[in-house]
Amino acid sequence: MAHIVTIAGSPSATSRSAAMLDYFRRELEHVGHTVHAVSVRDMNADDLIHGRYDGDSIRAQVAQVERAQGVILATPVYKASYTGVLKLFLDVLPANALQGKAALPLVSGAAPTHMLVLDYALKPVVAALGAWSIHPGLYVMDQQFQAAQPGSAPTFTPELEEKLKTVCASFAHLLENVIPSSM
């Protein structure tokens, strides 16, 4: 089975994108994959801002990414792109950090026009980092989530949960049948 890293790119502790990652983690672990969660908001901000790729909090997470066969990145849309904290982490990853890996981008946003973030902002960076295969990804609009109580994680509408299940199964299939086992 594959080792997968999820990368939460939201600066918020209870974000929609983090809720999607948690769903994927549970589903993928249920079928036997191992999943390591990276939350960029929990990393040392000074190390990220100053590009200190050798900082303790960064080095440990980069090592997880390097040993993974799959990487799932999730971010909300901020100013028509992915978040700055996610950009800071992606910038400290070594060149070709995603070489030989399958990548799945997930984006949550408020408007249909924000779905362009997947193809015009996030996927080009994932490709530049050398991902072997980039899953088409998923853009989810805020109204596809059910209202959350303050301080708790958002939940999904039944339609969104079905969509998440389909994308998760597709990504698991990619990991199990397409990614070369020698990588």
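These legends go with close-up views of a predicted model.

**View 1. The largest nonpolar core and its best-connected members.** This core holds 32 residues, and I7, V65, F89 and L93 are the ones that touch the most other members. Plenty of elements chip in: β1 (3-8), α3 (56-67), β3 (70-76), α4 (84-92), β4 (102-109), α5 (116-128) and β6 (138-141) each supply at least two residues. The largest share comes from α5, with 5 residues.

**View 2. F89 and the residues it touches.** Leaving aside residues up to four places away in sequence, F89 touches I7, V38, V40, M43, L48, Q61, V62 and V65. Two of those names, I7 and V65, also turn up with F89 among the core members that touch the most others.

**View 3. A second, separate core.** This one is made of 27 residues, including F24, F145, F156 and C168. Keep F24 and C168 in mind for the last view, where F24 belongs to α1 and C168 to α6.

**View 4. Helix α1 crossing helix α6.** Here the axes of α1 (residues 16-30) and α6 (residues 158-177) come within 10 Å and cross at roughly 55 degrees. At that angle the two helices are therefore oblique to each other. The way α1 passes α6 makes a right-handed crossing.

**View 5. Side by side at the α1 and α6 contact.** From α1 come M20, Y23, F24, E27 and L28, and they meet E161, L164, K165, V167, C168 and A172 in α6. Sorted by type, the residues of this contact come out as 8 nonpolar, 3 charged and no polar.

Technical notes: Residues are numbered from 1 along each chain as its sequence is written. This is a predicted model: local features need pLDDT of at least 70, side-chain atom pairs count only at pLDDT 80 or more; totals for chains, interfaces and linings use all residues. Side-chain values use heavy atoms; hydrogens and water are left out. A nonpolar core is a set of buried Ala, Val, Leu, Ile, Met, Phe, Trp, Tyr and Cys residues joined through side-chain atoms within 4.5 Å. Buried means under 20% relative accessible area, exposed over 50%, partly exposed in between (1.4 Å probe, protein chains only). Helices (H or I, at least four residues) and strands (E, at least two) are DSSP runs, numbered from the N terminus. Contact means heavy atoms within 4.5 Å. Axes are lines fitted to C-alpha atoms, for helices over the stretch in contact, and angles run from 0 to 180 degrees between N-to-C directions. Angles under 35 degrees count as roughly parallel, over 145 as roughly antiparallel, 65 to 115 as roughly perpendicular and the rest as oblique. A crossing is left-handed if the near helix is turned anticlockwise from the far one by less than a right angle, and right-handed if clockwise. Ala, Val, Leu, Ile, Met, Phe, Trp, Tyr, Cys and Pro count as nonpolar, Asp, Glu, Lys and Arg as charged, and the others, Gly among them, as polar.
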